[in-house]
Amino acid sequence: MITDSIIKDPSLAKEGNQKIDWAAQHCPVLNDIARKQLSDGSLSGKKIAVTVHLEAKTAYLAVLLHEAGADVTVTGSNPLSTQDSVCAALVERGIRVYATHDPSDEDFERYIHLALETEPDLLLDDGAELAARLVTSHPDLMDRIVGATETTTTGILKLRAMSGEGVLPFPVLGINEARMKHLFDNRYGTGHSSIVSLLANTNLFLSGQRVVVMGFGWVSRGLAKYAAGFGARVIVCEPDPVKLLEAHSEGYEVMNSIEAAEAGDFFLTGTGNLKVLRREHFEKMKDGAVLANAGHYDHEFDLATLREMSVTEREVRKNIVEYEMPNGNRIHVIARGRLLNSGAGDGHPVEIMDLTFALHALGIHHLASNSSDFEPGIQALPEELDQEVARIKLRTMGVEPERLTDEQATYQMSWR
């Protein structure tokens with residue numbers, strides 16, 4: 001038996017609908033795909049379980065899948081990013097929701113399992129939250145799964161490990177590896193939204209400050225780019241020597257993280273790894289240091305150790321907890337170490353998520369229409385779908401890509 005929706009306050013629907021309608025106005029790519037692809041009946045009657053940061057952009061994707069005839073169930077992928085008003089609006093629009101803002105760990109887990117208990121045909125996943133729990137706790141439902149899409153680097157890594165162990169019996173399209181995802185969402189979306197959230201939550205001046213960026217993958221490239229754009233002096237710490245040289249060539253200062261711990265005013269993590277800031281870093285940080293995470297999980301800081309080291313812990317500003325060290329220095333952590341831009345902000349700009357969710361929409365549609373084309377395991381989104389999203393976006397801007405002449409095309413294919 002499917003459980004009714006679980007949300008915090010149905011009376012918030014009006015506010016949530018305003019947010020969804022605003023997103024809808026600024027999603028030209030998704031709107032084009034809804035008109036031309038999703039309307040063909042391929043999703044009619046399909047059960048889709050969705051777990052992504054549950055705010056207006058995600059809600060609008062769910063609405064379009066629902067309007068295409070799918071039976072959609074939505075839950076959150078992060079306790080702090082779920083917006084109760086958006087949940088209420090989705091329920092009002094006939095979509096099943098299991099999510100509340102800042103639930104207990106037990107409720108957060110329960111909501112994901114409830115989404116799976118609807119016996120979905122397709123998964124739209126973030127961090128492999130649905131796929132992992134399906135394999136470990138609901139093996140009886142795995143034969144139903146036609147396929148899934150995955151949006152994050154963290155999720156791709158988990159799914160590759162699952163596939164390597166032979167426990168992933170259905171195909172998963174790695175949306176994160178599509179160019180129209182990681183080149184825009186990971187870099188520009190994360191960079192823009194994280195720095196905006198950092199400034200909004202702290203009300204501090206970034207120009208001239210030393211901002212330490214941990215890692216130099218696509219997410220951290222965006223963090224460095226936008227911090228520098230606000231006038232910060234950026235320091236990059238990265239274990240890959242090639243990436244570290246790339247950061248140096250981009251004009252950033254590079255050093256090891258222990259040196260950077262002593263120099264930095266702000267620390268931004270985006271590695272997808274755990275404990276990249278830990279005891280030996282906390283011991284060297286100056287008074288007033290600010291820590292914020294743009295990686296998927298809240299374990300990029302060793303918060304348990306920071307709590308043990310501190311003599312006091314208190315909230316000093318909304319979304320900011322201060323830890324006082326024995327020497328009197330204060331370290332500030334935003335959004336409990338969870339995602340800065342979603343846990344303490346509104347997430348990526350609408351236009352960026354329009355691109356990412358367009359990839360998900362096409363991926364889900366393609367799986368529903370052509371499931372026999374895919375083998376079990378993690379695999380790339382077909383290149384033509386990646387390019388289709390770019391072409392649609394350019395078309396909405398009134399731009400046509402350059403076309404090769406026949407002579408140029410022949411030349412590129414020839415070795416003589």
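**A small cavity, a pocket and two nonpolar cores**

Thr75, Gly76, Asn78, Pro79, Thr82, Tyr98, Ala99, Thr100, Phe108 and Tyr111 line the largest cavity of this predicted model. The space inside this cavity comes to about 40 Å³, and the structure holds one cavity of 30 Å³ or more. Its lining is evenly divided by class, with five nonpolar and five polar residues and no charged ones.

Two of the lining residues, Phe108 and Tyr111, lead on to helix α5, where both are buried along with Ile112, His113, Leu114, Ala115 and Leu116. Helix α5 covers residues 105-116. The twelve residues of this helix should span 16 Å at 1.5 Å a residue, and because the end C-alpha atoms are 17 Å apart, the two values agree. On their inner side, so to speak, the partners can be listed by element: the buried residues of α5 pack against the strands β1 (47-51), β2 (71-75), β3 (96-98) and β4 (122-125), and against helix α6 (129-137).

The loop between α5 and β4 contains Glu119. This residue is not a glycine, yet its phi is positive, at about 60°. Glu119 has a relative accessibility of 34% and so counts as partly exposed, a class that lies between the 20% limit for buried and the 50% limit for exposed. A similar note can be made for Asn203, which sits in the loop between α8 (179-202) and β7 (210-214). Asn203 is not a glycine either, and has a positive phi of about 55°. With a relative accessible area of 60%, Asn203 is exposed, because the value is over 50%.

Helix α3 (residues 56-67) also has twelve residues, and reaches 16 Å from its first C-alpha to its last, close to the 16 Å expected at 1.5 Å a residue. Most of α3 is covered, with ten of the twelve residues buried. These are Ala56, Lys57, Thr58, Ala59, Tyr60, Leu61, Ala62, Val63, Leu64 and Leu65; a lysine, Lys57, is thus among the buried residues. After α3 comes Gly69, with a positive phi near 105°.

Gly69 and Leu65 are both among the residues touched by Leu43. Beyond residues up to four places away in sequence, Leu43 also touches Leu38, Ile48, Ala68, Ala70, Leu122, Ile364, His365 and Ala368. Leu43 is a member of the largest nonpolar core, which has 58 residues; together with Leu38 and Leu90, Leu43 touches the most other members. The element that gives the most to this core is helix α15 (residues 350-369), with eleven residues. A second core, separate from this one, has 27 residues, and includes Ile195, Leu199, Val211 and Ala344.

Ala344 appears again at the second largest pocket, a space of about 380 Å³. Of the 19 residues that line this pocket, the closest to its centre are Ala344, Gly343, Asn319, Lys318 and His101. Strand β13 (320-324) and helix α14 (340-343) are the elements that each give two or more residues to the lining. By class, the lining of this pocket divides into eight polar, six nonpolar and five charged residues, whereas the lining of the largest cavity has no charged residues.

Two further positions can be placed in the fold. Glu313 belongs to strand β12 (residues 312-317). Its relative accessibility is 44%, so Glu313 counts as partly exposed. Apart from neighbours within four places in sequence, Glu313 is in contact with Arg307, Val321, Glu322 and Tyr323. Phe266 lies 47 residues away from Glu313 along the chain, and the C-alpha atoms of the two are separated by 19 Å. Ala409, in turn, is found in helix α17 (residues 406-412). Ala409 is partly exposed, because its relative accessible area is 32%. Between Ala409 and Gly270 there are 40 Å in space, C-alpha to C-alpha, and the two are 139 residues apart in sequence.

Conventions: Residues numbered from 1 in each chain as written. Predicted model: local features only at pLDDT ≥ 70, side-chain atom pairs only at ≥ 80, totals over all residues. Heavy atoms only, no water. 1 Å grid on protein atoms, 1.4 Å probe; cavity = no way out; pocket = protein on both sides within 12 Å on 5 of 7 lines; lining within 4 Å. Points joined across faces, edges and corners; volume = space filled by probe spheres on them. Helix = DSSP H or I, 4+ residues; strand = E, 2+ residues; numbered from the N terminus. Nonpolar A, V, L, I, M, F, W, Y, C, P; charged D, E, K, R; others polar. Core = buried A, V, L, I, M, F, W, Y, C linked by side-chain atoms within 4.5 Å. Buried < 20%, exposed > 50% of the residue type's maximum accessible area, 1.4 Å probe, protein only. Contact = heavy atoms within 4.5 Å. Expected span 1.5 Å × (residues − 1).
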